[in-house]
Amino acid sequence: MKEKTAIILLLAPFGLLMAVVAAAVGNVLVQSVGYIPAFGLTKPTLDYYLQVFTRADFLSAVWVSLRIALFSSVLSCILGVLVSMALIRCGKTRGGILYAIRAPILVPHAVVAVFIIQLLSQNGLAARVGFALGLLEDSAQFPQLLYTPGYWGTILAYLWKEIPFVAYFVLAFMGSISATLGEAAENLGASALRSFWEITLPMSIPVIARAFLIIFIFAFGGYELPLLLGATAPKALSVQTYLAYTSPDLLQRPLAMAMNAVMLLLSSLLALIFGSLVFRLNRRMGGGK
Amino acid sequence: MKKHPLMKLVLVIALGLIVLPMAVVLLWSVTRRWPWPLLLPESYTLRTVRELLTGSASLPKLLLSSIGLALTVAVLGTIIAMMTARATELHEFRGKTLVRHGAFLPLLVPGTVFAMGIQLTLIRLGLSDTIAGVILVHLIAAVPYCITIMTDMTAAVGNKLEQQAMVLGAAPARAFFEVTLPGLLPGVLSSMSMGFILSYSQYFSTLIIGGGRVKTMALVLVPYIQSGDRALASVYSVAFVASALLVFFVFEGLLHALQKRGDRI
């Protein structure tokens with residue numbers, strides 16, 4: 001009985017935080033069907049969802065956000081694993097170089113936006129170097145990466161931050177696999193590439209997958225980077241939604257919440273699909289957990 | 001293990017790409033004029049630094065409130081994580097796996113969705129536009145990561161030593177604070193530095209829940225970026241990153257000192 005009280009007390013603050021998250025999700029769902037008594041809206045309806053799905057700007061925003069999330073997460077994972085292997089192969093798994101690799105994790109997103117503007121805008125440093133080397137005759141010839149519907153500036157900003165994140169996130173696990181099983185394979189005559197490709201990489205998939213999911217969901221819902229580096233149209237989902245949320249037209253509020261609900265649904269769905277994929281992959285490889 | 005020249009090249013490129021933008025922002029922060037197509041600024045100025053130190057947003061106050069807020073989130077988040085981890089790792093109860101998995105659920109709710117969803121509730125509770133409200137929403141972002149760290153740490157340390165101390169007559173509180181907590185300290189420090197960084201770099205949730213009353217570095221920096229003033233955006237970026245690194249290295253330093261002491265004993 002005493003233990004039960006102890007458990008309840010220990011879990012109380014965590015429970016409170018989870019209740020806050022549940023309240024937020026509940027609010028989104030309730031307001032998305034048009035139930036906001038404070039605004040005089042009391043009749044539940046699915047109209048707002050219908051409206052949302054017939055709006056061209058919303059559908060293109062979904063596409064923009066999915067594209068940003070997909071490119072950022074896939075490329076960060078591939079390049080992050082490469083950097084992690086480079087650290088392992090060069091024996092730099094601790095100390096000075098590792099601090100430098102970890103630095104981008106500490107740099108806030110808004111600052112990364114500043115970096116990208118200074119390096120990759122049409123009169124940024126990259127274009128200047130191109131001009132100095134005679135590759136460009138004019139700054140306008142430099143590809144427009146910023147403020148354009150391709151959202152490449154946003155994607156590159158995420159890459160700058162997330163490649164090191166993946167490298168650091170998978171380092172300990174990949175390092176231990178590589179030092180034990182990978183090394184064994186190499187002693188038996190496998191090439192370094194083959195031991196990576198057939199032993200270390202497949203064994204590390206669950207850790208890489210977790211990093212992938214964290215980045216995907218984050219980039220999918222991210223706000224500052226698409227706001228600061230993206231196009232005025234089409235907007236990213238979070239930017240589009242916040243615009244509707246702050247609109248003086250109060251009927252936009254339930255619309256914004258319907259957009260939020262769709263966003264929530266999409267990220268949970270992706271996590272679910274992804275989680276079950278990893279689970280199956282794990283089982284097929286005979287992994288314990 | 002053989003070193004591969006290609007792998008070395010990968011590291012050199014990675015380090016170059018990490019350091020380059022930081023160097024450029026440092027240069028931009030004291031630039032007066034840097035016209036196309038020059039590779040280096042044409043003239044320098046300290047106007048930006050003066051603006052940073054004495055301008056409309058007073059830096060010491062801003063740093064104090066941002067760092068104070070983030071440290072509060074770091075401490076509270078770590079305490080909550082420590083309690084949660086203690087419950088799931090050292091006790092048996094039904095729904096244990098539910099709690100373990102549930103800890104990750106907040107990560108599935110995008111930050112913007114959460115902030116817009118909770119605003120009405122916080123207004124009703126009188127927490128909107130207050131520092132307490134901002135701490136609460138930052139905690140939601142930080143705690144899942146803190147719990148991951150503290151769960152691993154608690155599982156590794158266990159409670160055998162603590163129980164021995166109690167068998168020898170120590171009160172439960174004393175057994176925890178003098179036996180278990182020192183063992184957990186490395187985890188506590190990395191959980192705190194994670195919580196600090198997550199809170200320190202929040203923008204959207206501070207904007208919407210703080211309502212402009214709660215000022216942080218991120219909130220001051222973004223308008224400078226939007227207005228296109230590269231020099232001022234740079235000088236605030238430098239202050240932002242430098243202060244984050246400073247706090248991070250204090251945590252790292254403490255961690256190293258602890259590990260050294262641990263080695264000696």
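Modeller: Two residues are in contact if their C-beta atoms, placed from the backbone, lie within 7 Å. In chain A, 73% of the contacts with a separation of 6 or more join residues 24 or more positions apart. In chain B, 71% of contacts between residues at least 6 apart join residues at least 24 apart. The model is predicted: local features need pLDDT of at least 70 and side-chain atom pairs pLDDT 80 or more, while totals for chains, interfaces and linings use all residues. Residues are numbered from 1 along each chain as its sequence is written, and chains are lettered from A and ligands numbered from 1 in the order in which they are written.

Biologist: How do you know how many helices and strands each chain has?

Modeller: They are counted as DSSP runs, numbered from the N terminus: helices are H or I runs of at least four residues, and strands are E runs of at least two. By that rule chain A has eleven helices and zero strands, and chain B has twelve helices and two strands. In chain B, both strands follow helix α1, and eleven helices come after them.

Biologist: Why is Y151(A) called buried, whereas Y147(A) is called partly exposed?

Modeller: A residue is buried if 20 or more other C-beta atoms, placed from the backbone, lie within 10 Å of its own, exposed if 12 or fewer do, and partly exposed in between. Y151(A) has 26 such atoms and is therefore buried. Y147(A) has 17, so it is partly exposed. Both residues lie in the loop between α6 (125–132) and α7 (152–187) of chain A. Although neither is a glycine, phi is positive at each, about 60° at Y147(A) and about 55° at Y151(A). Over each whole chain, buried residues make up 44% of the 289 residues of chain A and 42% of the 265 residues of chain B.

Biologist: Why is T48(B) called buried?

Modeller: T48(B) has 24 other C-beta atoms within 10 Å, so it too meets the cut-off. It belongs to helix α2 (residues 47–54) of chain B. Apart from neighbours within four places in sequence, T48(B) touches S29(B), V30(B), A231(B), L232(B) and V235(B).

Biologist: What makes up the side of chain B that touches chain A?

Modeller: The contact takes 65 residues from chain B and 67 from chain A. Helix α1 (residues 5–28) gives the most to the chain B side, with eleven residues. By class, that side has 48 nonpolar, twelve polar and five charged residues. Here Ala, Val, Leu, Ile, Met, Phe, Trp, Tyr, Cys and Pro count as nonpolar, Asp, Glu, Lys and Arg as charged, and the others, Gly among them, as polar.

Biologist: Why is helix α5(A) called roughly perpendicular to α1(B)?

Modeller: The axes of α5 (residues 109–120) of chain A and α1(B) come within 9 Å and cross at roughly 85°. That angle lies between 65 and 115 degrees, so the pair counts as roughly perpendicular; under 35 would be roughly parallel, over 145 roughly antiparallel, and the rest oblique. The axes are lines fitted to C-alpha atoms over the stretch in contact, with angles from 0 to 180 degrees between N-to-C directions. In this crossing, V114(A), F115(A), Q118(A) and L119(A) meet P21(B), V24(B), V25(B) and W28(B). These residues divide into seven nonpolar, one polar and no charged.

Biologist: How do you know whether the span of helix α1(A) is close to the expected value?

Modeller: The expected span is 1.5 Å times one less than the number of residues. Helix α1 (residues 2–32) of chain A has 31 residues, which gives 45 Å, and its first and last C-alpha atoms are 44 Å apart, close to that value. Among its buried residues are I7(A), F14(A) and V28(A). The buried residues pack against helices of both chains, including α11 (252–284) of chain A and α3 (59–90) of chain B.

Biologist: How do you know where α1(A) bends?

Modeller: The bend at a residue is the angle between axes fitted to the seven residues ending there and the seven starting there. At A12(A) this angle is about 45°, and a proline, P13(A), follows within four residues. Just after the helix, G34(A) has a positive phi of about 80°.
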